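Colleague: I would like to learn how to read a model of this kind, feature by feature. Could we take the strands and sheets before anything else?

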Amino acid sequence: MFHVIRVTVFLFFFSVPVFAQNTDPDCIYTLSGQVIDDHDLSPLGFAVIQIPELNRSAVGDSLGFYKISGLCKGEYMVICTHIGCEPIEEKVKIRGNTTWNFYPEHHEEELREVSILTARVMKHETHSHETANAQMLDDAAGKSLGETLKSLTGVSTLKTG
């Protein structure tokens, strides 16, 4: 009897994930493609492809390839955005796995040359400048260096016993 209950509980718990999976056969499709510059047909990397009504999006790789999986059959507004390009909005019909390329106009913005000219501002010194001259050293004969220099502005001495 205990063995029958264990088998029943085992089957119940392992069958629940099967019922919880999406069994809608229409939601197995992918939308994929590439984002390519309209002017020179070079790939535009890292564009963002969005399907707002499904709250789904993808970011293209460095070569502009993108892929959005798990889509149901239907018609969706798909938006492609890339830095330096105007956004593109297109209606895309999903009837199976769909390849859809976007061709935005990529505009590189170049800045004009900028020259910065300046002149050095002459500094005016605000502190006094005084030097010990020969006359001062002759007058201080017999005194210590500290005693001689303390007569200069900004010099002080400390005497400790």
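Modeller: This is a predicted model. In it, 4 strands make up an open sheet with the order S3-S2-S5-S6 and antiparallel pairing.

Colleague: Which are the edge strands of this sheet?

Modeller: An edge strand pairs on one side only, and here that applies to strand S3 (56–59) and strand S6 (88–94). From one strand to the next, the twist averages 25 degrees.

Colleague: Over how many bridges do S5 and S6 pair?

Modeller: The count is 7 bridges, in the antiparallel sense. To find the register, look for residues that face each other: Gly-74 stands opposite Ile-94 in S6.

Colleague: What is the strand order in the open sheet of 3 strands?

Modeller: The order is S4-S1-S7, and the pairing is mixed. S4 and strand S7 (98–99) are at the edges with a single partner strand each, so each has one side without a neighbour in the sheet. S1 and S7 run parallel and are joined by 2 bridges. One residue to locate there is Leu-31, whose bridge partner in S7 is Thr-98.

Colleague: How many helices and strands does the chain have?

Modeller: There are 3 helices and 7 strands. Along the sequence they follow the pattern α-β-β-β-β-β-β-β-α-α.

Colleague: Next, the core. Which residues have the most contacts inside the largest nonpolar core?

Modeller: That core has 19 residues, and those with the most contacts inside it are Leu-31, Val-35, Ile-49, Val-78 and Phe-102. At least two core residues come from each of S1, strand S2 (48–51), S4, S5 and S6. Take Ile-49 as a case: leaving aside residues up to four places away in sequence, Ile-49 touches several residues, including Val-35, Tyr-66, Ile-68, Val-78 and Phe-102. Its contacts also include Arg-56, Ser-57 and Cys-80.

Colleague: What percentage of the chain counts as buried?

Modeller: Of the 161 residues, 24% count as buried. The accessible surface is about 13000 Å², and carbon and sulfur atoms hold 57% of that surface. For contacts with a separation of 6 or more, 49% are between residues 24 or more positions apart.

Colleague: Now the cysteines. Which residues does a disulfide join?

Modeller: The test is a distance between cysteine sulfur atoms, within 2.5 Å. By that rule the count is 1 disulfide, and the disulfide joins Cys-27 to Cys-72, with S to S at 1.6 Å. The pair links distant parts of the chain, 45 residues apart. Cys-27 lies in the loop between helix H1 (2–20) and strand S1 (29–34), while Cys-72 lies in the loop between strand S4 (65–71) and strand S5 (74–81).

Colleague: Why is the disulfide of Cys-27 and Cys-72 right-handed?

Modeller: Handedness is read from the torsion about the S-S bond, which is about 75 degrees for Cys-27 and Cys-72, so this disulfide is right-handed.

Colleague: Is Cys-27 buried or exposed?

Modeller: Cys-27 is buried because its relative accessible area, 15%, falls under 20%. Cys-72 has a relative accessible area of 23% and is partly exposed.

Colleague: Why is the sulfur of Cys-85 in no bond with that of Cys-80?

Modeller: The sulfur of Cys-85 has its closest cysteine sulfur in Cys-80, and the two are 7.5 Å apart, which is too far for a bond. Cys-80 is in no disulfide. At 1% relative accessibility Cys-80 counts as buried, and Cys-85 is buried with a relative accessible area of 13%.

Key. Residues numbered from 1 in each chain as written. Predicted model: local features only at pLDDT ≥ 70, side-chain atom pairs only at ≥ 80, totals over all residues. Heavy atoms only, no water. Buried < 20%, exposed > 50% of the residue type's maximum accessible area, 1.4 Å probe, protein only. Contact = heavy atoms within 4.5 Å. Areas by Shrake-Rupley, 256 points an atom, 1.4 Å probe, with all protein chains shown as cover. Pairing = 2+ DSSP bridges. Axes fitted to C-alpha atoms, helices over the stretch in contact; angles between N-to-C directions. Core = buried A, V, L, I, M, F, W, Y, C linked by side-chain atoms within 4.5 Å.
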